[in-house]
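Student: Could you take me through one part of this model up close? I'd like to hear about the salt bridges and how buried their partners are.

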Amino acid sequence: MPSFLTTNQEDPEMTETTLPERRELHFTSGTDRCHAWLYMPPPADAGPPPVIVMAHGLGAVKALRLGAFAERFRAAGYGCLVFDYRHFGDSDGEPRELLSIRRQREDWRAAVAFARSLPDIDRDRIVLWGTSFGGGHAIVTAADDRDVVAAIAQCPFTDGMASARQISPRGTASLTAAAAKDHLARLLGRPPVRVKVAARPGEVGLMDAEDVIDGVLGLLDASGLTEEEYRNDVPARVALEIPVDAPGRRASEVRCPILFCVCDTDTVAPAKATLRHAAKAPLGEIRRYPAGHFDIYSGEHFERVVADQLAFLRAHVPTATA
């Protein structure tokens with residue numbers, strides 16, 4: 001059974017109007033604990049609600065606008081379990097900001113298992129929602145877990161080689177050198193060699209397209225965070241993992257309905273590769289937006305994508321509210 005923290009813990013006598021917006025929880029993944037927010041809708045006569053398991057993208061944390069999506073889903077009658085990966089945000093794990101594809105997918109599996117253990121939810125109706133790098137994880141998790149009833153992959157990372165081609169040749173060479181140094185540092189027990197997640201001109205980073213810095217700054221501003229409050233670097237070793245990872249190839253194995261929200265001018269997760277993989281999902285649906293990778297977290301693009309996602313959820317995982 002889940003272990004609830006005292007922060008925002010629900011009083012058994014609370015009425016519908018005083019139900020807390022969210023509760024804070026921890027669940028175990030590997031030997032560490034992941035921190036999560038649980039959003040629950042008011043109780044409904046139709047029974048316990050389905051739950052959407054949600055996580056963010058490359059080097060990102062749940063405080064970067066995931067709450068805005070969860071609040072909309074909660075208002076439509078869905079529970080939401082929004083978590084930080086190990087090593088990031090409020091979760092445990094050393095070294096900090098270690099970006100490991102294998103570990104993050106373990107975190108997704110642990111989050112789904114934890115969601116199914118929660119009281120007052122419909123454990124037979126688990127939905128996955130991932131954005132950017134998390135969108136790729138959602139595809140893989142849905143392919144592996146045939147009991148998931150639906151999934152949403154928003155501006156998803158689907159093809160590592162396609163994403164790697166978006167990095168400048170000079171940046172690619174610098175990343176490869178930094179990754180080799182980081183692996184050596186790990187073997188020697190030294191502190192990680194770190195690189196930027198979002199890089200400015202002349203910096204070494206996992207993303208260095210012209211719109212990346214403005215996109216990240218806009219996301220921080222929309223989240224009420226400053227640049228100083230966001231840790232924009234990770235151990236460089238992941239730079240060798242990303243080009244050889246292609247979660248989109250698993251789309252053909254996803255047997256539940258899955259919605260792909262694709263940004264046409266995406267410079268991080270190119271639309272062409274995503275559309276190619278999404279077309280192979282047996283029950284896949286595609287929605288396209290005239291937007292860049294970071295545009296759909298706020299403003300008019302956010303409103304449109306949330307509306308499309310709610311329509312998808314109402315069609316495939318209806319609630320009493322919906």
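Tutor: Here is a walk through the salt bridges, with a short look at the surroundings afterwards. Keep in mind that this is a predicted model. A search of the whole structure turns up 21 salt bridges, and I'll pick out a few.

Let's start with K62 and D84, which pair up with their closest N and O atoms 2.7 Å apart. K62 sits in the loop between strand 4 (51-55) and helix 1 (66-75), while D84 sits in the loop between strand 5 (79-83) and helix 2, so this pair ties together parts that are 22 residues apart in sequence. Both K62 and D84 are buried.

Next up is D107 with R86, whose side chains meet in a salt bridge at 2.6 Å, N to O. D107 belongs to helix 2 and R86 to the loop between strand 5 and helix 2, so the bridge links parts 21 residues apart in sequence. D107 has just 1% relative accessibility, so it counts as buried. R86 counts as buried too, because its relative accessibility is 3%. This pair isn't on its own, either: R86, R102, E106 and D107 are linked in a network of salt bridges.

Now for a bridge that spans a longer stretch of chain. The side chains of R231 and E97 meet at 3.6 Å, N to O. R231 is in the loop between helix 6 (212-222) and strand 10 (233-235), and E97 is in the loop between strand 5 and helix 2, so the two tie together parts 134 residues apart in sequence. R231 counts as partly exposed because its relative accessibility is 42%, whereas E97 is buried, with a relative accessible area of 9%.

Helix 2 also matters for the nonpolar side of the story. The largest nonpolar core has 103 residues, and F73 and L128 touch the most other members. Helix 2 (residues 101-117) supplies the largest share of this core, seven residues. Leaving out residues up to four places away in sequence, F73 touches I52, M54, Y78, C80, W129, Q309, L310 and L313.

Just past that helix, D122 lies in the loop between helix 2 and strand 6 (126-131). D122 is buried at 19% relative accessible area, the cut-off being under 20%. Setting aside neighbours within four places in sequence, D122 is in contact with P48, P49 and P50.

For contrast, have a look at the surface: L184, L187 and L188 make a nonpolar patch of about 320 Å². L187 is in helix 5 (residues 169-187) and counts as exposed, at 63% relative accessibility.

Notes. Residues are numbered from 1 along each chain as its sequence is written. This is a predicted model: local features need pLDDT of at least 70, side-chain atom pairs count only at pLDDT 80 or more; totals for chains, interfaces and linings use all residues. Side-chain values use heavy atoms; hydrogens and water are left out. Patches are made of residues with over 30% relative accessible area and no salt bridge: like charges are joined within 9 Å, nonpolar side chains (Val, Leu, Ile, Met, Phe, Trp, Tyr) within 5 Å. Accessible areas come from the Shrake-Rupley method with a 1.4 Å probe; for residues, only the protein chains shown count as cover. A salt bridge is a side-chain nitrogen of Lys or Arg within 4 Å of a carboxyl oxygen of Asp or Glu. Helices (H or I, at least four residues) and strands (E, at least two) are DSSP runs, numbered from the N terminus. Buried means under 20% relative accessible area, exposed over 50%, partly exposed in between (1.4 Å probe, protein chains only). A nonpolar core is a set of buried Ala, Val, Leu, Ile, Met, Phe, Trp, Tyr and Cys residues joined through side-chain atoms within 4.5 Å. Contact means heavy atoms within 4.5 Å.
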